[in-house]
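Work through the exercises below with the sequence and the structure in view. Try each task before reading its solution.

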2 protein chains.
Amino acid sequence: MSSKHFSELGDSASRVLDAAEGLIQQQGYNGFSYDDVARLVGIKKPSIHHHFATKAELAAVVAQRYTHRFRSELLIIEGRHAKATDRLLAYAALFEQRYTQDRGLCVCGMLGAEAASLAEPVAAEVQLFFRSNLDWLAAVIKEGQQQGLLRSSVKPAALAEAWHSAMQGAMVLGRGLQSDRGPAQVAKSLLATLLA
Amino acid sequence: MSSKHFSELGDSASRVLDAAEGLIQQQGYNGFSYDDVARLVGIKKPSIHHHFATKAELAAVVAQRYTHRFRSELLIIEGRHAKATDRLLAYAALFEQRYTQDRGLCVCGMLGAEAASLAEPVAAEVQLFFRSNLDWLAAVIKEGQQQGLLRSSVKPAALAEAWHSAMQGAMVLGRGLQSDRGPAQVAKSLLATLLA
DNA sequence: GTCTATACTGAGATAGAC
DNA sequence: GTCTATCTCAGTATAGAC
């Protein structure tokens, strides 16, 4: 089924992925069609099927590529920031960028909300996104506590869960309020309560 | 358009609302159909149209009734708990209940995520939900700070935003992870960092 | 790799009988 | 208030030519 990997894709397949990714962020899995993708890419509907036989496969590869890119951004953060507090803010900035551009949600946040209507391979990719985020955050927070930068009253894994939840929720809230206030603001507030 | 008010509805219209509410929590606005509702209620599709002419109107009334009920639950919390910390945990328990029943999302959280594909009257109802939540939370937190129960390093409105975001996000995260860990856990972690 | 053409299904919605 | 019947359109997907 989802044995396809995004690294093996050609140019127009990548453009299809770009379009689908944007549509999922904006409308969700149930809110976009092959025709929407086709219009954005500038080709016809059956050509989309040529690249991705089913909508589920398309979504799975979108999530897969999204997660891969996100993890590479986490690596960049590690290279750029030493302090845990700075890393947490840079993490929030990743979501903030996507949100402030066009109030786009995190691809996997949107898919997570829709999890009940997703095919299993798609849900599996989404799960990987969340796992890798929580692992990364927990490690950052643990370090921050050991460095004495963050309060140690709560376990790293629990704080990681809370931090990531706050980012996802901030975007949902911002959309619901039709507001430009995004996850960066929430991150700033939360970080103030976490400082040692 | 959405001049209809849920208090003026008869018995079977209420059953239609119940079904639609559950479907929105589970699949989202774009993920359910009039036929799904009809099957759940045990009547035929055109009968749904008799009660709610359009899908947008149905969703708007669902959101309206949901917000109304939610606010009444907030009043109950005020009557049952005096301390701000207890109120915050009871608030989280509202979401926890919905989540643990069948991993259902907050109706307005789901609709907020889908805001880009909602008709304006629906989006307006959703906005009211978030506003009333933030107002209530900010008041509770302000009191908690004045009572000396919560740290005062961050403004009540900002903490309210963070708290609510964390609840919404916790449910998205739980779904994405296919896990039963819900907003109550996140609330517990966050509260520990907020204690004075 | 892209197209036209087309199948098939389900969607939201209306007409009109009971 | 509920039904049958029907409309119209959009959705996913396939066949087969270029």
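## Exercise 1: Strand C

A backbone N or O atom of Tyr34(B) is 3.0 Å from a phosphate oxygen of DNA strand C. This distance, like the others here, comes from a predicted model.

Task: Describe the protein surface around DNA strand C, starting from the residues that come nearest.

Solution.

Step 1. There are 17 residues around DNA strand C, and those that come nearest are Lys44(A), Ser47(A), His51(A), His49(B) and Lys55(B). Of the strand C atoms that come within 4 Å of the protein, 56% belong to sugar and phosphate.

Step 2. Look for individual polar contacts. Ser12(A) has a polar side-chain atom 3.4 Å from a phosphate oxygen of DNA strand C. For Lys45(B), a polar side-chain atom lies 3.1 Å from a base oxygen of DNA strand C.

Step 3. Assign the surface to helices. At least two residues each come from H3 of chain A and from helix H2 (34-41) and H3 of chain B. The most is given by H3(A), with 4 residues.

Step 4. Sort the residues by class. The surface near DNA strand C has 6 nonpolar, 7 polar and 4 charged residues.

## Exercise 2: Strand D

Task: Repeat the description for DNA strand D and state which helix supplies the largest share of the surface near this strand.

Solution.

Step 1. Around DNA strand D there are 16 residues, of which Tyr34(A), Lys45(A), Lys44(B), Ser47(B) and His51(B) come nearest. Sugar and phosphate make up 56% of the strand D atoms that come within 4 Å of the protein.

Step 2. Take the phosphate oxygens of DNA strand D. A backbone N or O atom of Tyr34(A) is 2.9 Å from one phosphate oxygen. In Lys44(B), a backbone N or O atom lies 2.5 Å from a phosphate oxygen of DNA strand D. Ser47(B) uses its side chain, with an N or O atom 2.9 Å from a phosphate oxygen of DNA strand D.

Step 3. Helix H3 (45-51) of chain A and helix H3 (45-51) of chain B each supply at least two residues of this surface near DNA strand D. The largest share, 4 residues, comes from H3(B).

Step 4. By class, the residues near DNA strand D are 6 nonpolar, 7 polar and 3 charged.

## Exercise 3: Annotated spans

Task: Find what the UniProt record places at residues 10-70 of chain A, and give the helix content of that span.

Solution.

Step 1. An unreviewed UniProt entry places the feature "domain: HTH tetR-type" at residues 10-70 of chain A. This span is 79% helix and 0% strand, with its end C-alpha atoms 21 Å apart.

Step 2. The UniProt annotation "DNA-binding region", also from an unreviewed entry, covers residues 33-52 of chain A. Residues 33-52 of chain A are 75% helix and 0% strand, and their end C-alpha atoms lie 13 Å apart.

## Exercise 4: Two helices from two chains

Task: Describe how helix H8 of chain A and helix H9 of chain B cross.

Solution.

Step 1. Two packed helices are described by the angle between their axes and the distance between the axes.

Step 2. The axes of H8 (residues 156-176) of chain A and H9 (residues 183-194) of chain B come within 9 Å and cross at roughly 100 degrees. H8(A) is therefore roughly perpendicular to H9(B).

Step 3. List the residues in contact. H8(A) contributes Ala158(A), Leu159(A), Glu161(A), Ala162(A) and Ser165(A), while H9(B) contributes Gln185(B), Val186(B), Ser189(B), Leu190(B) and Thr193(B).

Step 4. This contact of H8(A) with H9(B) has 5 nonpolar, 4 polar and 1 charged residues.

Methods
Residues are numbered from 1 along each chain as its sequence is written. Chains are lettered from A and ligands numbered from 1 in the order in which they are written. This is a predicted model: local features need pLDDT of at least 70, side-chain atom pairs count only at pLDDT 80 or more; totals for chains, interfaces and linings use all residues. Side-chain values use heavy atoms; hydrogens and water are left out. A residue is near a molecule or strand if one of its heavy atoms lies within 4 Å of it. A polar contact is a pair of N or O atoms within 3.5 Å; within protein, one must be able to donate a hydrogen and the other to accept it, and residues adjacent in sequence count only if both atoms are side-chain atoms. Ala, Val, Leu, Ile, Met, Phe, Trp, Tyr, Cys and Pro count as nonpolar, Asp, Glu, Lys and Arg as charged, and the others, Gly among them, as polar. Axes are lines fitted to C-alpha atoms, for helices over the stretch in contact, and angles run from 0 to 180 degrees between N-to-C directions. Angles under 35 degrees count as roughly parallel, over 145 as roughly antiparallel, 65 to 115 as roughly perpendicular and the rest as oblique. Contact means heavy atoms within 4.5 Å. UniProt positions are given in the numbering used here, feature names are shortened, and annotations may be inferred rather than shown by experiment.
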